[in-house]
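User: Please take a close look at the part of this model that deserves the least trust. Then walk me through how the rest of it hangs together.

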Amino acid sequence: MSDDFDDDLGPLLAGSKAAWSRFVARYAPVIFAGVRRKLVPAGRADDAEDVAQDVFLRLCRRDFHLLRGYDPARARLTTWLTIIATSTAIDHLRRQKAGSQPLDSVPEALLAVDPPKEPIKVVIPPDLLSPRQALVLELLYRREMEVSEAAEFLGIEAQTVRSMHHKALTRLRAHFAAEKSSDSAPAAGDDGGHGRV
Amino acid sequence: MSRENKENQEAAALWVTAREAWRQNGGESAPDALSLAAYLDGRLDPDGRAEVEAWMAASDEALDLMLAARTTAAEAAPAALVARAQGLVGGADRGTRRVGGPVARLFAPLGDWFAGALQPAGWAASAAAVLLLATGAFELGRFGTQEIAAVESLLGQEIAASLPQTTDDLLL
């Protein structure tokens, strides 16, 4: 979709009702889709219209304060609006979750907590993995993405993803192996600041 | 189970063990919405990209947001939503009302403030006008009733005078 308003939000920001109406007609489908993408899987599809309305309210309140922060040189308007819509939907779901059920109405059996198990604390040094390496592992193993899909999302080559994945696993294995050997050698009495505590 | 699957499972378990500990190393603050959009559009510089990636790697919610927003396929929006949203910016078309010039623009916020402050005054004036009209109509009505009563009284006297005398007088 081409962004008609990318180059000229001027009339809208000056308060032109006609420009606002055109803006709403043009971008309501983008905002509605962004909102629904988060609400539908959470079973809150019925809230989509109200949340989308909330997005428009955020855009125009305080004399279009939020919209004035948009810079066409930095990102496409549709992408920026999708981010705003998605984050508004996430906020909505968070509020719903927080206020959905009063504590008194929950049966006590459901509030029962299992006796705590002895936690196994793992310490990972901050520089063991770079954020991008951690993100690659997260995308591949927790989000179950294919290498090509992760590469597209990160804007890098698939080969780079494979290489980062390999390096990250090698470092983790080496770290845990070192921990294990220090645990099995209690006489050493020092884990070098890394490892289980 | 193939060797590759086994290795995958081992690697996944390794990451599950490590991820929370890795995340405890730093609390990344959320970049602004424009930086996030620029990341998805591939327009962010390397430092900016690293900042966004650190934020995504540190939080499930952050990664959820970016994964959900990476596609922008539009959906038909309900007409009611469009109409409601269009109504959020109402009244006269401010864009055509404003005049140019640096001085005019300087005082434009004052004009908006007065416009806002005068709106309730307009409603009050309308209410006062309606009250005045109602009072006037009531007074006119009351005056009219008195007039009619006076006229009726006069007519009554004239009619009485013009009537023939009582039958007793006539018989006598």
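Analyst: **The end of chain B, and what to read beyond it**

Start with residues 164–172 of chain B: pLDDT stays under 50 there, and the model gives this stretch one contact beyond four places in sequence. pLDDT is the predictor's confidence in each residue, on a scale from 0 to 100, and a contact means two C-beta atoms, placed from the backbone, within 7 Å. This is a predicted model, in which local features need pLDDT of at least 70 and side-chain atom pairs count only at pLDDT 80 or more, while totals for chains, interfaces and linings use all residues. Residues are numbered from 1 along each chain as its sequence is written, with chains lettered from A and ligands numbered from 1 in the order in which they are written.

Helix α8 of chain B (residues 167–171) has the lowest confidence in the chain, a mean of 43, whereas α2(B) has the highest, at 96. Helices here are DSSP runs of H or I with at least four residues, strands are runs of E with at least two, and both are numbered from the N terminus. There is another weak patch: residues 95–101 of chain B fall below 50, although this stretch has nine contacts in the model beyond near neighbours in sequence. Across chain B the mean pLDDT is 75, and 62% of the residues reach 70 or more. Where pLDDT is low, the predicted coordinates should not be read in detail. For the model as a whole, ipTM is 0.81 and pTM is 0.68.

Now to where the chains meet. Chain B puts 50 residues into the contact and chain A puts in 59. On the chain B side, the elements giving two or more residues are α1 (3–23), α2 (33–40), α3 (46–58), α4 (60–69), α5 (79–86) and α6 (94–97). The largest share, nine residues, comes from α1(B). By type, this side has 31 nonpolar, eight polar and eleven charged residues; Ala, Val, Leu, Ile, Met, Phe, Trp, Tyr, Cys and Pro count as nonpolar, Asp, Glu, Lys and Arg as charged, and the others, Gly among them, as polar.

Stay with α4(B) for a moment. Its buried residues are Ala62(B), Leu63(B), Leu65(B) and Ala69(B). They span an arc of only 155° around the axis, so they sit on the same side of α4(B); the arc is taken from the directions of the C-beta atoms as seen from the helix axis. Buried means 20 or more other C-beta atoms within 10 Å of a residue's own, exposed means 12 or fewer, and partly exposed is in between, with C-beta atoms placed from the backbone. Ser59(B), in the loop between α3 and α4 of chain B, is partly exposed because it has 15 such neighbours within 10 Å.

Over in chain A there are eight helices and zero strands, and 34% of its 197 residues count as buried. The largest nonpolar core holds 69 residues, and the members touching the most others are Ile31(A), Phe32(A), Val35(A), Ala52(A), Val55(A), Trp80(A) and Val136(A). Helix α2 of chain A (residues 17–39) gives the most to this core, twelve residues. A nonpolar core is a set of buried Ala, Val, Leu, Ile, Met, Phe, Trp, Tyr and Cys residues joined through C-beta atoms within 7 Å. In soluble globular proteins, nonpolar side chains tend to be buried together.

That same α2(A) is mostly covered, with 18 of its 23 residues buried. It also bends by about 50° at Tyr27(A), with a proline, Pro29(A), following within four residues; the bend is the angle between axes fitted to the seven residues ending at a position and the seven starting there.

Leu12(A), in helix α1 (residues 10–13) of chain A, counts as buried because it has 23 C-beta neighbours inside 10 Å. Beyond four places in sequence, Leu12(A) touches Ala19(A), Trp20(A) and Phe23(A).

Last, two backbone oddities. Arg62(A), in helix α3 (residues 48–68) of chain A, has a positive phi of about 50° although it is not a glycine. Glu144(A), in the loop between α6 (131–142) and α7 (147–154) of chain A, also has a positive phi, near 50°. Arg62(A) is exposed, with 8 C-beta neighbours inside 10 Å, and Glu144(A) is exposed with 9 within 10 Å.
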